[in-house]
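Got your viewer open and a selection tool ready? Let's take a walk through this one, stop by stop.

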Amino acid sequence: MTSHEKEIKINSWLEQCNLEFLVIQGMGGSGKTTLAKYIYNSNWKKFEFASFLEDISLGETTLAKLQEQLLKDISGGGKRKIPSVSQGTPKIEQALEMNRALIVLDDLTDRSQLVKLLGTSKINSKSKIVVTTRENTDNWFASSCWRYQKYDMKLLNDDESLELLCHHAFRAKKPVVDLEEIVKRTVKYCEGHPMTLEVFGSSIMHDCYSKKTWECQMRLFESNMDSRLHDVLLRSYESLPFDTVKQLFLHIACFFNGIDKDYAEKILEPDYQATSGISTLIQKGLLSVPPNKTLKIHRLFQEMGKHIVRQESMNLPAQRSRVWLSNDSHMILRRGKGSNKVQGLTLDMKMLGDDFAFKSSALKTDAFKKMEILKLLQLNFVELGGSYEHVSENLRWLCWHGFHLNTIPSDLYMGNLVAIDMSYSNLEVFETPKDIQCLKILNLKDSHNLREIRNINRIQKLESLILWNCYSLVNVCKTIGGLTSLSLLNTTGCKNLYNRKQIDLSSASTSGGVVREQHTFSFPVSLHRLFLKDCHLTHTHILPLSFRDQPFLQYLNLGSSLLESLPSYDHLKRLRVLDLSFCTRLTCLIDLPNTLAELYIYGCDLLKKIAFQSHRFTLQEFGYKGCINLYEVEGFFKLVPIAKLDETDLGHMKWLQEYQNHEVCLVGDDELIAGRSRHIQMLYEFDIMSTTMPDIRDPNMTPEYISESGSLSFDVPSCPKNKRLKGLNVGFKYSMFGEDWAWFCKISTIIGVVDWMYNPKVIGKSEVGEVCMWISYLPIGSILDIGDTVNVSIVVIFGVEVLECGVSLVYSNQETLENDKGCIEILGGDLSGFELSTRGYYLCRRDYFDLMEVDRLTHDWFRSLVGDTIDNTEIRGWRKTGRPKRVNDPSFTELKTIRCIIHGPQLMFILTNRRTFTSLKTCPNHLLLIKLWHSHQACLRGK
């Protein structure tokens with residue numbers, strides 16, 4: 001938000017009556033107090049009384065003293081002694097009701113302070129109260145008669161950060177040329193935090209043109225937080241109500257920043273009540289959870305947390321509760337210097353570089369002898385020698401990527417482990433220990449030598465089993481079907497696991513292996529998410545794909561299977577997401593369940609038709625790029641070459657068959673048009689027929705009403721004898737320019753019975769200097785009456801020049817209609833999802849806000865379509881089904897939370913959002929990247 005936009009928002013609040021409070025919330029040092037001072041200094045003269053109570057959270061002044069100051073400021077009298085808070089509150093309430101005041105309460109930490117300072121009574125409607133806080137205030141005003149407006153202090157973007165840093169360092173808006181790189185690195189380090197930028201800039205101002213000084217100051221900030229920053233940020237930490245929540249924060253800061261929220265919660269729940277603790281940290285502003293459901297701590301809060309841990313022992317890492325630097329951890333293990341204070345330790349050999357690689361084998365387990373309370377252990381590509389009985393029995397999390405042994409050591413106690421992550425391991429057989437009763441997550445991803453998992457029924461609390469890319473896996477103990485808590489099973493890439501014939505492992509060592517018939521694979525009843533991508537599946541008696549025993553299934557990934565069709569899934573009442581991408585043998589999908597909200601069929605190049613049980617299209621997300629033969633999705637669209645339609649399909653437009661071999665390049669829906677024929681196509685959507693042709697002369701294309709502009713009006717005439725009005729043919733001639741286009745065909749009547757705005761999914765593109773014709777048929781005759789004035793206009797948003805438009809009335813024989821009542825047509829069926837608050841219909845399946853976000857569409861574009869009657873935010877997030885529906889049913893799992901607990905940092909940079917996905921289409925190897933994108937999305941959300 002720009003400074004101008006901030007000022008408009010604040011002025012709007014100041015001018016509104018009965019909106020007493022402005023709550024400014026944000027992290028420490030984000031500029032809340034600065035903004036509050038600006039509001040106060042700019043406006044205090046407009047009020048009878050004014051009061052500014054600063055730094056309330058410090059507690060240097062008692063609440064009673066604060067009440068005395070506030071009462072003095074808003075009453076205009078001398079300072080009155082208030083013996084107790086309970087006696088002071090009624091006096092303030094009385095003054096607030098009578099007097100018109102501007103009040104700032106700076107840095108409140110909880111609602112009780114607000115109530116004790118102001119009471120709960122009615123406040124003068126012309127008074128204004130600014131509250132600044134680090135807390136989440138959503139519940140502060142829930143039971144009050146007060147009304148408030150919330151203002152979230154957003155951190156600065158890169159440009160704003162650069163300007164603020166340069167102002168304090170150079171007293172200028174931009175850095176000198178020679179220092180641009182180091183200044184931008186500093187901006188990146190500060191992550192938009194105003195106070196950090198100010199402190200850094202001020203600290204270097206004395207020698208701001210020396211690159212060496214900048215480098216030195218950067219190292220100093222990274223290794224030891226400035227005391228001014230630390231003191232401000234520490235207030236949030238010190239305000240945490242329980243020691244367990246403080247310990248939880250320190251664990252997240254040191255080990256779980258950027259990690260999946262559910263994953264971290266499960267690990268930390270037994271010892272720290274993580275579910276409620278994380279909620280508290282969010283409430284206090286120390287933690288956030290972005291849409292990808294990971295834990296996110298701002299860099300400065302993370303550095304503060306690590307600084308707190310360092311202070312436990314400045315010079316001896318082994319005497320700290322948490323060791324997160326690989327250099328420190330390597331030293332502790334190499335020297336055997338562990339202590340009974342260490343709760344968590346991380347060692348990643350790849351972080352140490354090649355110089356340390358040969359030292360890995362010298363590390364011993366002896367160092368764990370003294371780590372009796374060790375709960376979190378993360379070892380990446382570390383080889384340990386010695387007995388594993390020394391490893392703490394209190395371990396909750398064992399993350400050992402690249403585990404070097406073939407089997408799990410028998411002397412490693414796993415009784416308290418909640419999560420095991422042995423991705424990229426050398427395991428060949430996973431023999432489940434007997435005492436593993438607490439385990440909920442087992443991740444053996446990319447363990448390429450793993451052949452067998454035994455006695456898995458011992459892990460009765462197991463919720464997530466991840467076997468992604470375990471290529472050699474041929475057998476999972478059949479007792480897996482008896483696990484009652486397993487909700488996620490990921491066997492992506494396990495291409496040998498579901499084969500009909502496999503190697504008998506029991507004979508492998510003596511006879512080289514005996515081919516035997518595989519037993520029927522039984523999936524647990526409890527499954528919610530199932531990944532079977534790249535398993536080369538076919539529908540067999542060994543692996544029936546009907547999933548009749550999995551009634552709770554929400555997410556199903558059958559990508560890259562060899563299926564030609566799917567069994568009926570009408571019994572899967574909770575299925576939300578179905579992924580069939582790159583199932584290259586699929587030809588049709590019918591009777592898809594009504595509950596389905598997301599469908600992905602990328603690269604299904606033989607797929608032709610999709611139909612639903614409800615005969616309606618209800619998908620919220622639908623990916624179909626590469627389906628070059630897909631011509632119909634029931635309730636969504638039908639796109640067919642004219643050459644493949646007969647006279648019955650075309651009706652009164654059968655004359656188009658004469659031009660079936662003409663060619664037009666389609667633009668619009670990139671997923672739909674990629675790889676399609678250029679021959680003229682007919683589009684059906686919302687029961688509207690439309691096509692694009694070259695500019696040709698044909699008597700059938702001469703309209704009854706014509707205009708050389710983009711709009712016209714006419715009055716509906718009387719019908720010819722024995723005829724009945726069916727609908728309208730609407731068309732226009734146009735040329736296109738630029739890379740983007742957007743236009744709507746708008747039809748309305750003076751009396752408001754008809755008000756439709758239609759944006760077709762695809763349209764023909766005119767080449768430079770050429771003209772095209774858009775021809776459509778809208779079946780709206782049954783709702784038009786004789787004498788109605790009909791307005792037809794082509795509303796251009798950008799990229800199109802309208803040369804002329806025309807309308808013709810289409811009639812049917814009265815006898816035909818009476819004999820065939822099914823022929824009475826009306827536009828679109830149920831269009832409630834596309835209805836605006838004006839009662840008009842916005843027949844568009846595209847969210848044009850995507851273009852606004854990249855500045856390719858102005859903010860007032862919607863006004864040119866509907867006028868000033870409604871705000872354009874009404875169609876923000878518009879989907880293929882229209883306005884997103886709000887689901888109140890608690891049994892409906894939010895789609896964005898249906899995801900897999902797998903992390904792929906190497907993919908995160910390129911595979912983070914849909915805008916990135918769009919850019920992948922231009923890459924030479926875009927199909928491979930799209931598959932990577934697709935796998936990544938599946939892993940993040942099961943979505």
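Start by selecting helix α11, residues 243–256. Of its 14 residues, 12 are buried, so the rest of the structure largely encloses this helix. Buried here means under 20% relative accessible area, while exposed means over 50% and partly exposed is in between (1.4 Å probe, protein chains only). Helices are DSSP runs of H or I with at least four residues, strands are runs of E with at least two, and both are numbered from the N terminus. Light up the buried set as sticks: Val 245, Lys 246, Gln 247, Leu 248, Phe 249, Leu 250, His 251, Ile 252, Ala 253, Cys 254, Phe 255 and Phe 256.

Now try the distance tool on the end C-alpha atoms of α11: they are 18 Å apart, and that agrees with the 20 Å that 14 residues should span at 1.5 Å a residue. (The expected span is 1.5 Å times one less than the number of residues.) Just past this helix, click on Gly 258, which follows α11 and has a positive phi, near 90°.

A quick word on what you have on screen: this is a predicted model, where local features need pLDDT of at least 70 and side-chain atom pairs count only at pLDDT 80 or more, while totals for chains, interfaces and linings use all residues. Residues are numbered from 1 along each chain as its sequence is written, and side-chain values use heavy atoms, leaving out hydrogens and water.

**Zoom out**

Show the whole protein chain as a cartoon, and you're looking at 25 helices and 40 strands. How many of the 943 residues count as buried, as a percentage? The figure is 54%. Switch on the surface: the accessible area is about 42,300 Å², with 48% of it belonging to carbon and sulfur atoms. (That area comes from the Shrake-Rupley method with a 1.4 Å probe; for residues, only the protein chains shown count as cover.) As for contacts, meaning heavy atoms within 4.5 Å, take those between residues at least 6 apart in sequence: 61% of them join residues at least 24 apart.

**Helix α3 and its cover**

Next, select residues 63–75, which form helix α3. Its 13 residues should span 18 Å at 1.5 Å a residue, and the end C-alpha atoms are 18 Å apart, so the two agree. The buried residues in α3 are Ala 64, Leu 66, Gln 67, Glu 68, Leu 70, Leu 71, Asp 73 and Ile 74. What covers them? Colour β2 (49–53), α4 (85–98), β3 (101–108) and α5 (111–118), which are included in that cover. After α3 comes Gly 76, with a positive phi near 80°.

**Three helices, two crossings**

Select α8 (194–204) together with α10 (227–238): their axes come within 10 Å and cross at roughly 165°. That makes the pair roughly antiparallel. Axes are lines fitted to C-alpha atoms, for helices over the stretch in contact, and angles run from 0 to 180 degrees between N-to-C directions. Under 35 degrees counts as roughly parallel, over 145 as roughly antiparallel, 65 to 115 as roughly perpendicular and the rest as oblique. Show Met 195, Thr 196 and Val 199 in α8, which meet Arg 228, Leu 229 and Val 232 in α10.

Now add α6 (158–170), whose axis comes within 7 Å of that of α8 and crosses at roughly 30°. Are α6 and α8 roughly parallel or roughly antiparallel? They are roughly parallel. Among the residues of α6 that meet α8 are Leu 164, Leu 165 and His 168, and on the α8 side you can pick out Leu 197 and Phe 200, among others.

**Loop stops**

Thr 492 sits in the loop between β16 (488–490) and β17 (501–504). This residue is buried, at 5% relative accessible area. Leaving aside residues up to four places away in sequence, Thr 492 touches Leu 467, Trp 468, Asn 469, Phe 531, Lys 533 and Asp 534.

Two more loops deserve a phi check. Most residues other than glycine have a negative phi. Lys 293, between α13 (274–283) and α14 (299–310), has a positive phi near 65° and is partly exposed at 27%. Phe 547, between β19 (529–531) and β20 (555–557), has a positive phi of about 55°, but is buried at 2%.

Last stop: Arg 846, in the loop between β40 (841–843) and α21 (849–853). Draw a line from its C-alpha to that of Lys 761: the two are 85 residues apart in sequence and 8.3 Å apart in space.
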